[in-house]
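Reader: Could you walk me through a structure, slowly, since I am new to this?
Author: Gladly, and here is what we will look at together.

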Amino acid sequence: MTSDIAYFNGKFLPLDEIRISPLDRGFIFGDGIYEVVPVYNGVPLHGREHFDRLQRSCDEILMKNPHTTDEWMAITMDLLKHHPGNQSVYIHVTRGVQSKRDHVIPKGLPNTVMMFCYPLASPSKESVENGVACVTAEDFRWKKNHVKSISLLGNVLARQVSVDAGAVETIMFRDGFMTEASASNAFVVKGGTVLAAPQDNLILLGITYQLLEKLAKDGTLKLEVRPISRAEVLAADEVWLSSSTKEVLAVTTLDGKPVGNGQPGPMFRKMHALYQDYKSRLGRKDAVAA
Ligand SMILES: Cc1ncc(COP(=O)(O)O)c(C=O)c1O
């Protein structure tokens with residue numbers, strides 16, 4: 001028998017033994033935040049940055065963070081003892097269980113904390129070599145997308161637009177400018193410059209987005225952070241997606257039309273190589289990532 005050990009409010013126990021109250025504010029209101037940390041061979045990639053972002057999410061929703069980054073890292077490493085290899089660690093924190101349903105934020109309620117792991121599969125060779133299809137949609141979500149909120153209905157509906165079109169992601173636009181995709185950040189390449197959307201409340205600032213910024217700098221790729229219009233996206237030489245699980249992927253068709261020449265471009269290949277090299281150094285002496 002394999003036991004899928006998870007973490008729940010201070011205890012390690014099988015995932016299917018966790019019981020959550022129907023009055024948990026996470027269940028009732030989607031009142032909580034989450035994180036997903038990628039782990040390669042037992043080593044979290046930018047674990048601290050993920051927990052720093054978790055702190056920012058807590059601050060934005062006026063919720064006390066139940067743990068310090070050091071404590072979160074320690075719990076993560078204990079959980080990983082049960083899950084060797086490449087994993088995604090899912091961390092879910094809600095405002096806790098209230099005695100009655102009430103919108104008003106209660107004071108002093110203990111958080112509900114749940115963490116579990118699932119195997120992390122890197123993108124397939126095929127998707128790296130051929131790129132992926134995406135579609136576009138209006139960004140109909142709320143205006144606090146910088147919060148990694150467990151209320152993901154907007155993202156779920158956005159993702160479904162691509163599912164229905166047989167594509168892997170939906171790239172969204174608000175007032176004519178690109179924001180992000182349903183579960184990834186999006187980048188554009190034009191004339192040898194990588195363009196990234198502003199780091200504001202309209203997107204979740206990905207840990208991978210920030211890594212690509214750093215890799216671009218170190219690898220001397222020109223990267224500009226600025227508003228990107230729909231016209232620029234449609235006329236791009238290259239479009240990329242980034243996330244902890246997608247790493248960096250080339251978008252080769254958008255709404256059924258080829259992006260550039262319809263193949264992953266040279267800038268993507270360079271960034272992908274930089275990313276793989278960075279990942280391969282994880283856990284080694286010269287690594288800076290854990
Ligand atoms: C809406 C959204 N934007 C961006 C990202 C990328 O974030 P990260 O690179 O930290 O995985 C995600 C990841 O889940 C996401 O859900």
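Author: We will go through the sheet, the ligand, the salt bridges and the surface in turn.

Reader: Before we start, what kind of model is this?
Author: This is a predicted model, in which local features need pLDDT of at least 70 and side-chain atom pairs count only at pLDDT 80 or more, while totals for chains, interfaces and linings use all residues. Residues are numbered from 1 along each chain as its sequence is written, and side-chain values use heavy atoms, with hydrogens and water left out.

Reader: OK, in what order do the strands of the open sheet sit?
Author: The open sheet has 6 strands in the order S2-S1-S6-S5-S3-S4, with antiparallel pairing. Strands here are DSSP runs of E with at least two residues, helices are DSSP runs of H or I with at least four, both numbered from the N terminus, and two strands pair if DSSP finds at least two bridges between them.

Reader: And which strands stand at the edges?
Author: S2 and S4 do, each with a single partner strand, so one side of each is left without a neighbour in the sheet. At one edge, S2 (residues 11-14) is joined by 4 bridges to S1 (residues 5-8), with Leu 13 in S2 as the bridge partner of Ala 6. The hairpin of S1 and S2 has 2 residues between the strands, and Asn 9 takes a positive phi near 45 degrees there.

Reader: What about S4, how many bridges join S3 to that one?
Author: There are 2 bridges between S3 and S4 (residues 43-44), which run antiparallel, and Val 39 stands opposite Pro 44 in S4. In this hairpin, too, there are 2 residues between the strands, with Asn 41 taking a positive phi near 50 degrees.

Reader: Is S3 itself buried or exposed?
Author: In S3 (residues 32-40), 9 of the 9 residues are buried, so the strand is largely enclosed by the rest of the structure. Buried means under 20% relative accessible area, exposed means over 50%, and partly exposed is in between, with a 1.4 Å probe and protein chains only. Gly 32, Tyr 34, Val 36, Pro 38 and Tyr 40 point one way from S3, whereas Ile 33, Glu 35, Val 37 and Val 39 point the other way.

Reader: Which strand does S3 pair with over 8 bridges?
Author: That is S5 (residues 87-94), which pairs with S3 in the antiparallel sense, and Ser 88 in S5 is the bridge partner of Pro 38. S5 also pairs with S6 (residues 112-119) over 8 bridges, where Ser 88 stands opposite Tyr 118.

Reader: Changing topic, which residues are closest to the ligand?
Author: The closest are Arg 53, Glu 180, Ile 207, Thr 208 and Ser 244, out of 16 residues that surround the ligand, where being near means having a heavy atom within 4 Å. An N or O atom in the side chain of Arg 53 is 2.9 Å from an oxygen atom of the ligand, and one in the side chain of Glu 180 is 2.7 Å from a ligand nitrogen atom. A backbone N or O atom of Ile 207 is also 2.9 Å from an oxygen atom of the ligand.

Reader: Does Arg 53 pair with anything in the protein, I mean, what forms a salt bridge with it?
Author: Glu 35 does, with the closest N and O atoms 2.7 Å apart; a salt bridge is a side-chain nitrogen of Lys or Arg within 4 Å of a carboxyl oxygen of Asp or Glu. This pair links distant parts of the chain, with Arg 53 in helix H2 (residues 47-60) and Glu 35 in strand S3, 18 residues apart. Arg 53 and Glu 35 are both buried.

Reader: How many salt bridges are there by this rule?
Author: The count comes to 19 salt bridges. One of them joins Lys 279 and Glu 247, whose closest N and O atoms are 2.6 Å apart. Lys 279 lies in helix H8 (residues 266-280) and Glu 247 in strand S14 (residues 247-254), so this pair ties together parts that are 32 residues apart in sequence.

Reader: Which residues share a network with Glu 180?
Author: Asp 139, Arg 141 and Arg 174 are linked with Glu 180 in a network of salt bridges. Asp 139 counts as buried, at 3% relative accessibility.

Terms used. A polar contact is a pair of N or O atoms within 3.5 Å; within protein, one must be able to donate a hydrogen and the other to accept it, and residues adjacent in sequence count only if both atoms are side-chain atoms.
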